[in-house]
Amino acid sequence: MNAKRAGADELVFLPLGGAGEIGMNLNLYGFGPPDARKWIMLDCGVTFGREDDTPGVDLIMPDPAFIAERRKDLLAIVLTHGHEDHLGAVAHLWPGLKCPVYATPFTAALLRGKLEEEGLLEQVKLRVIPMRGRIELGPFELELVTLTHSIPEPNAVIVRTPLGAVLHTGDWKIDPDPLIGDPTDEETLRQLGEDGVLAMVCDSTNALVEGHSGSEATVREALIRLIGTLKNRVAVTSFASNVARLESVVMAAEAHGRRVALAGRSMFRIVDAAREAGLLKHLPPFISAEDAAHLPRNKVLYLCTGSQGEPGAALSRVANDDHPDIVLEEGDAVVYSSRVIPGNERGIYAVHNALAERGIQIITDKDHFVHVSGHPCRDELAQMYRWVRPRIAIPVHGEMRHMREHARLARDIQVPEVLEMVNGQLARLAPGKATVVDEAPSGRLYLDGAVLTREGEAAVKSRRGLSFAGMIAVTLILDQKNRFVADPVVVCEGIPEEVVNAVYEAADDFAGRADLKRLRDDDDLAEAARRAIRHAARAIWNKKPITRVEVVRV
């Protein structure tokens, strides 16, 4: 590292995703003078579109325009772990970044599958690093620190520079018995605190929750007991990436003489990645859902995707009696070994209702101890601060209410400086007092089918309007002498019949009354008609449908 230039250098932090929201994590660290910084990116994730807000959009990801313009100075993308909100955007955004990508074995296995789907596997320099590995990237020295979370191989990253060290936690919790992988590397965290830490950039998801998040080992014991009480077919749904939970479900089934069938693409993908990384080797073989259908009802357990009510997931198809191989009947049970992610309530409860209508028992974390969070509650946050003792606390990975509460907690335990930031704010961490010094372009990209579009572009906005108030399309047909030669052609979609009648009347009335001498310009004529027709619809309906008018000359 070039310590001689440290006086002219700055260490800066810039979140482009994940600060002020849960999901879409993308964090940049820059080092050097303002006009010649080198950058590293920690994580590059997505969130999922919702039909009410972004109809037709599958994935939403941070807009990387800021760093894409500086890609010659982007040294690498380093992934903390394999959750979608931390790696799911890599395959979509990498063509605009073109830098090496570093990941531990399990995370790399997941990423390979995504890169292969996008035809990028041979182009991306994917460099696999071991747990506790170290990387030198220009002025940065990075060291991975083993943590615990709800997926294999979760890592914090120590970012060392000539101006100080930053601990970037990624997602974590303190689980004394994680079942898969090693416990939290407390020794390294304590030593880091002894050596001195400039800043800690830390997960805020459960900052409002008192106590501890709980251990996977306790969930395993509870699942084994619960499965033993169920008499007929059982389906368990969980986050597919929680390999320890998957293992626990299989062990619970085995303890009670049940065979396990996987259902859902993500389950197969995660199992394949886990085995590639050397995990799950001791489990009995799975059977196919087709074979499971021929077993007695008390001898089968289905491990399904769809814990969040996703329409195309395995459990949703089962609930709607639309799965080709899996049928649940009255007296069977579905166990939700997961939590409800805010915003997904409607889809989840729709599946619950479909199952309940058919007499299928629904068991959630409200009924039995079948889930623990993968994120730190308040006591765990306080413990991490006692170990690391940073000079600066920077809450991320949370909505504003989570980050504000995290900031209050940090102040209460006497962290000298607390920096509250949102996406697009660039903070100078050193030299001097930590402060926001600039703003960078930030926003969202939508994966609309196979096309990436920027947030605010017309397509999704129009689609949202269509879903709310429908569409009116009118064609006015005139000759070259500015005379109507036919009645207006009207097409309405998603409009009540009473309003449709009013629209036809308004279009005919406009054609009969239009001042064609004044409206010789086709654009003026179309706009005048649009206003008149939309006004007529709104007068009856009190809604403003999307209205399009086209002028055709014959």
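Contact in these legends means that heavy atoms lie within 4.5 Å of each other. The model shown is predicted.

**Figure 1. Overview of the predicted protein model.** The secondary structure comprises 16 helices and 29 strands. Measured out along its principal axes, the C-alpha trace spans about 85 × 75 × 50 Å. The protein has 554 residues, of which 55% count as buried. Among contacts with a separation of 6 or more, 72% join residues 24 or more positions apart. The protein exposes about 24,300 Å², and carbon and sulfur atoms supply 48% of that area. There are 65 positive and 79 negative charges, and the mean positions of the two sets are 3 Å apart.**Figure 2. Packing of helix α5 against helix α12.** Helix α5 covers residues 186-195 and helix α12 covers residues 378-388. The two helices pack at an angle of about 55°, with their axes 6 Å apart. Helix α5 is therefore oblique to α12. On the α5 side, the contact is made by E186, L189, R190, L192 and G193. On the α12 side, M384, W387 and V388 take part.

**Figure 3. Surroundings of I394 in strand β20.** Strand β20 runs through residues 390-396 and includes I394. Is I394 buried or exposed? The relative accessibility of I394 is 0%, so this residue counts as buried. Beyond its neighbours within four places in sequence, I394 is in contact with F13, M200, V201, C202, L419, M421 and L429. A separation of 7.2 Å lies between the C-alpha atoms of I394 and A199, although these residues are 195 residues apart along the chain.

**Figure 4. The loop residue H397.** H397 is found in the loop between β20 and β21, the latter comprising residues 398-399. Phi of H397 is positive, at about 50°, although the residue is not a glycine. Most residues other than glycine have a negative phi. With a relative accessibility of 3%, H397 counts as buried, because the cut-off for that class is under 20%.

**Figure 5. Surroundings of L87 in helix α2.** Helix α2 is formed by residues 84-87 and contains L87. The relative accessible area of L87 is 0%, and the residue is therefore buried. Which residues does L87 touch, not counting those up to four places away in sequence? They are C44, G45, L79, H81, G82, T107, L110, L111 and K114. The C-alpha atoms of L87 and D524 are separated by 49 Å, and the two residues are 437 residues apart along the chain.

**Figure 6. The loop residue R132.** R132 lies in the loop that joins β9 (126-128) and β10 (134-137). Phi of R132 is near 65°, a positive value in a residue other than glycine. R132 has a relative accessibility of 40% and so counts as partly exposed.

**Figure 7. The cis peptide bond between A430 and P431.** The peptide bond from A430 to P431 is cis, and its omega is near 0°. Most peptide bonds are trans. Where does P431 lie? P431 belongs to the loop between β23 (425-430) and β24 (435-439).

**Figure 8. Surroundings of T475 in strand β27.** T475 lies in strand β27, which covers residues 471-478. The relative accessible area of T475 is 21%, so T475 is partly exposed. Not counting residues up to four places away in sequence, T475 touches P488, V489, E550 and V552. One of these, V552, is 77 residues apart from T475 in sequence, and the two are 7.0 Å apart in space, C-alpha to C-alpha.

**Figure 9. The exposed residue H535 in helix α16.** Helix α16 consists of residues 522-541, and H535 is found within it. H535 has a relative accessible area of 58% and is therefore exposed. From C-alpha to C-alpha, H535 and P545 are 9.8 Å apart in space, and they are 10 residues apart in sequence.

Definitions and conventions:
Residues are numbered from 1 along each chain as its sequence is written. This is a predicted model: local features need pLDDT of at least 70, side-chain atom pairs count only at pLDDT 80 or more; totals for chains, interfaces and linings use all residues. Side-chain values use heavy atoms; hydrogens and water are left out. Helices (H or I, at least four residues) and strands (E, at least two) are DSSP runs, numbered from the N terminus. Buried means under 20% relative accessible area, exposed over 50%, partly exposed in between (1.4 Å probe, protein chains only). Accessible areas come from the Shrake-Rupley method with a 1.4 Å probe; for residues, only the protein chains shown count as cover. Lys and Arg count as positive and Asp and Glu as negative; His and the chain ends are not counted. The place of a charge is taken as NZ of Lys, CZ of Arg, CG of Asp or CD of Glu. Axes are lines fitted to C-alpha atoms, for helices over the stretch in contact, and angles run from 0 to 180 degrees between N-to-C directions. Angles under 35 degrees count as roughly parallel, over 145 as roughly antiparallel, 65 to 115 as roughly perpendicular and the rest as oblique.
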